Amino acid sequence: MEIQGKIIAVLPERGGVSQRTGSEWKVASYVIETMEQYPRKCMFEVFGSDKISQMNIQVGQLLTVSFDIDAHEYNGRWYNSIRAWRVETYDPNAPVAAAQQADTAFPPVAGAQPAAAPAAAAQPAAPIDSAPAPTPAFSGESTDDLPF
């Protein structure tokens with residue numbers, strides 16, 4: 001999943017030592033706000049000190065965040081986890097670049113021909129008769145074999 005917006009908060013990093021493996025861990029949390037008519041906020045996390053330093057997320061950045069959503073249970077309660085796995089900067093004034101990227105998402109197959117327009121689309125549509133079809137007069141006998 002992806003979300004685009006502006007980073008409005010960088011929360012303090014949390015860390016510790018894993019009881020299972022004994023290795024250190026670190027997680028950083030960020031709040032992003034969408035730039036829609038009705039903005040929404042979403043908190044996401046980046047796990048691992050190497051990814052935290054690699055992504056280098058700062059307040060005020062305009063980002064596209066790719067993330068996974070997962071839930072886990074602890075003491076009878078359920079908690080959601082939104083964990084980012086890729087962060088990219090974007091320019092809201094460059095919608096053409098996004099359209100070009102969408103075109104390259106599925107590159108053309110070698111030797112493939114472009115699809116031809118359907119024949120029905122090439123010809124003008126026949127006029128639609130707005131009058132309902134005439135119904136036969138009731139003769140008392142039905143031509144179908146239904147019992148009702």
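Here is a walk through this predicted model, from its nonpolar core out to its loops.

Let's start on the inside. The largest nonpolar core has 16 residues, and the ones touching the most other members are Tyr-30, Ile-32, Phe-44, Val-46, Ile-57, Val-65 and Val-87. Quite a few elements chip in here: β1 (2–10), β3 (24–33), β4 (41–47), α1, β5 and β6 each supply at least two residues of this core.

Pick Ile-32 if you want to see how the chain comes together around one residue. Leaving aside residues up to four places away in sequence, Ile-32 touches a run from Ile-3 through Gln-4, Gly-5 and Lys-6 to Ile-7. Ile-32 also meets Arg-40, Lys-41, Cys-42 and Phe-44, and further along the chain Leu-63 and Val-65. Two of these partners, Phe-44 and Val-65, are listed with Ile-32 among the core members that touch the most others.

Now move over to strand β6 (residues 77–89), where you'll find Ser-81. Is Ser-81 buried or exposed? Ser-81 counts as buried because its relative accessibility is 14%, and the cut-off for buried is under 20%. Its contacts, again without residues up to four places away in sequence, are Glu-45, Asp-68, Ile-69 and Asp-70.

Next come the aromatic rings, which form two pairs in this structure. One of them is Trp-25 with Phe-47, a stacked pair at 6.4 Å centre to centre and with 15° between the planes. The pair counts as stacked because planes under 30 degrees apart fall in that class. It bridges distant parts of the chain, as Trp-25 sits in strand β3 and Phe-47 in strand β4, 22 residues apart. How accessible are the two partners? Trp-25 is partly exposed at 33% relative accessible area, and Phe-47 is partly exposed too, at 37%.

Finally, take a look at the backbone in two loops. Most residues other than glycine have a negative phi, so a positive value is worth a glance. Asn-56 is one such case, with phi near 45°. You'll find Asn-56 in the loop between α1 (49–55) and β5 (62–74), and its relative accessibility of 45% makes it partly exposed. Asn-75 is another non-glycine with a positive phi, this time about 55°. This asparagine lies in the loop between β5 and β6. Asn-75 counts as exposed because its relative accessible area is 64%, and the cut-off for exposed is over 50%.

Definitions and conventions
Residues numbered from 1 in each chain as written. Predicted model: local features only at pLDDT ≥ 70, side-chain atom pairs only at ≥ 80, totals over all residues. Heavy atoms only, no water. Helix = DSSP H or I, 4+ residues; strand = E, 2+ residues; numbered from the N terminus. Buried < 20%, exposed > 50% of the residue type's maximum accessible area, 1.4 Å probe, protein only. Contact = heavy atoms within 4.5 Å. Core = buried A, V, L, I, M, F, W, Y, C linked by side-chain atoms within 4.5 Å. Phe/Tyr/Trp six-rings, centres within 6.5 Å; stacked < 30°, edge-to-face > 60°.
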